[in-house]
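Below are my notes for a colleague, set out as numbered points. Please read them with the sequence and the coordinates at hand.

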Amino acid sequence: MDETILVVNCGSSSIKLALFDSNLEKQASALAERLNNPDSMAKISGDSVPVALPANASHDHALQALVNAFYDRNLMSREPASIGHRVVHGGEAFREAALIDKNTIKAIEDCASLAPLHNPVNLIGINAMQRLFPDVPQVAVFDTAFHQSLPKRAFLYALPEHYYREWGIRRYGFHGTSHQFMAHEASRRLGKTPATTSIISAHLGNGCSMTAIDNGISKDTSMGLTPLEGLVMGTRSGDVDPGLFDYLAGRGISASEVHRVLNQDSGLLGLSGQTNDMRSLCELADHGHEPSQLAIDVFCFRLAKYFGAMMVSLSHLDALVFTGGIGENSARVRAQTIEHLKLLGITLDPDLNNHHGQYSEGHIGDADSRFPVLVIPTNEELVIAREASRLANLN
């Protein structure tokens, strides 16, 4: 069997694995969910036979079981040539992907306070894979690295300067691997090179972010110190007035409870009182549920505001790009958002939009639109595999 590249994405209660060949074609994928819970489960995509996991399976248990399943089901015949890991927060230490060594691990640990739900479990995946494959080169690909090109005027908060100097309080941005993929894929579809292509990329899923990419370089992004800032999201509020904390404290609500509410009970879920799933919200709205329609309205209005705001960081604009689960699949969200931008001369072709650009190389703008509008499926796993291959010198 050809050399393979294994991509590992450890979440707080889940693991995603993907197996690529040396031509960066995906050969297999696997998912473990509900880890550290009694109903832990795992499966190989396209295989009806589940992968056996014990109750309350740990990340270590799940990784070992999934790797064994790849071998048992003849998806792997030998150890991978390299392993790529998604790591959420690299702080200012990493401007690009990095080979994993003791120094890399120490830097990831040092950033754990900035991503307490993510970096520790990312490290669990790294440590487990190092035990399973001690001689295989492993690479960390950081969500924040693509945004290390932000100028100070874009990443600094208007706070006392020593907060940044001593504690690293600044805007870092996230979803960098997705936005990086958009920069390359949009340039290809536009017949240009990444170094000459400027886009505004909107990654819309349960987490949402937007990035201004000027000639291939991230110049501004909506998420900040944490993934809470910016757009309305599934359960996250996005931007709120910081004075909210004092106001709620006066109502007897602790800082930890405010943090929980803003991260887990807000966004589309909070506004609708029903769900964080955009498909379900649209169905509820169509049946007359006004809070669900209001949640959609707030989501699209905030999204349109950020499209306008991102323009100030660009030398020119080649396209607006939608990606992520909502961005790729919700014609309604795209249409309602672009309707707010008609003053800028941006308009959609309803038929192309309803077909999600499937028959038009992703283009959904009409012939009179001042700027192209694209729908591009994201492929963060491919970016990680490509970086793992590059740094392991496989190609």
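**Notes on the predicted model**

1. D143 is placed in the loop that runs between β7 (138-142) and α4 (152-155), and, the model being a predicted one, what follows concerns computed values throughout. UniProt lists D143 under "active site", in an unreviewed entry, and the annotation may be inferred rather than shown by experiment. Is D143 buried or exposed in the model? With a relative accessibility of 1%, D143 counts as buried, because the limit for that class is under 20% relative accessible area.

2. The surroundings of D143 deserve a look, since two stretches of chain supply its contacts. Leaving aside neighbours within four places in sequence, D143 is in contact with R86, V87 and V88, and also with G173, F174, H175, G176 and T177.

3. R86 is the residue covered by the UniProt annotation "binding site", again from an unreviewed entry, and R86 belongs to strand β5 (residues 82-87). Its contacts, once neighbours within four places in sequence are set aside, are V8, N9, N122, V141, D143 and I384, so that the two annotated positions, R86 and D143, are in contact with each other.

4. For the overall layout, the chain is divided into domain 1 (3-141) and domain 2 (192-373), and the C-alpha centres of these two domains lie 29 Å apart.

5. One sheet is open and has seven strands, in the order β4-β3-β2-β1-β5-β7-β6, with mixed pairing. Why is one side of β4 and of β6 (98-99) left without a neighbour in the sheet? Both strands stand at the edges and have a single partner strand each, so one side of each remains unpaired in the sheet.

6. Within this sheet, strand β2 (residues 15-21) and strand β3 (residues 26-33) pair in the antiparallel sense over six bridges; A18 stands opposite S29 in β3, while L19 has A28 of β3 as its bridge partner. The hairpin of β2 and β3 has four residues between the strands, and in it L24 takes a positive phi near 65°. On to the next strand, β3 is joined to β4 (residues 41-44) by four bridges, the two running antiparallel, and E33 has M41 in β4 as its bridge partner.

7. Helix α11 (residues 290-310) has 21 residues and reaches 30 Å from its first C-alpha to its last, which is close to the 30 Å expected at 1.5 Å a residue. The buried residues of α11 are S292, A295, I296, F299, C300, R302, L303, A304, Y306, F307 and M310. In general, an α-helix has 3.6 residues a turn, so residues three or four places apart point the same way.

8. The largest nonpolar core has 41 residues, of which L204, M210, M278, F299, L303, F307 and L320 touch the most other members. The elements giving two or more residues to this core are β8 (199-204), β9 (208-214), α10 (278-286), α11, β11 (319-323), α13 (331-339) and β12 (373-375), and α11 gives the most, with nine residues. Which residues does F307 touch, not counting those up to four places away in sequence? They are I200, A202, M210, L320, F322, T337 and L341. Another core, of 28 residues, lies apart from this one, and C10, L19, A65 and A69 are among its members.

9. S218 lies in strand β10 (residues 217-221) and is buried, with a relative accessible area of 0%. Not counting residues up to four places away in sequence, S218 touches F146, H147, S149 and L150, together with T211, A212 and I213. The C-alpha atoms of S218 and G173 are separated by 9.8 Å, although the two residues are 45 residues apart along the chain; G173 is also one of the residues in contact with D143.

10. Two further backbone values are worth checking by eye. N215, in the loop between β9 and β10, has a phi near 50°, a positive value in a residue other than glycine, and N215 is partly exposed, with a relative accessible area of 27%. H356, in the loop between α14 (350-354) and β12, has a positive phi of about 60° although it is not a glycine, and H356 is likewise partly exposed, at a relative accessible area of 21%.

Key. Residues numbered from 1 in each chain as written. Predicted model: local features only at pLDDT ≥ 70, side-chain atom pairs only at ≥ 80, totals over all residues. Heavy atoms only, no water. Expected span 1.5 Å × (residues − 1). Buried < 20%, exposed > 50% of the residue type's maximum accessible area, 1.4 Å probe, protein only. Domains from an automatic or database assignment. Pairing = 2+ DSSP bridges. Core = buried A, V, L, I, M, F, W, Y, C linked by side-chain atoms within 4.5 Å. Contact = heavy atoms within 4.5 Å.
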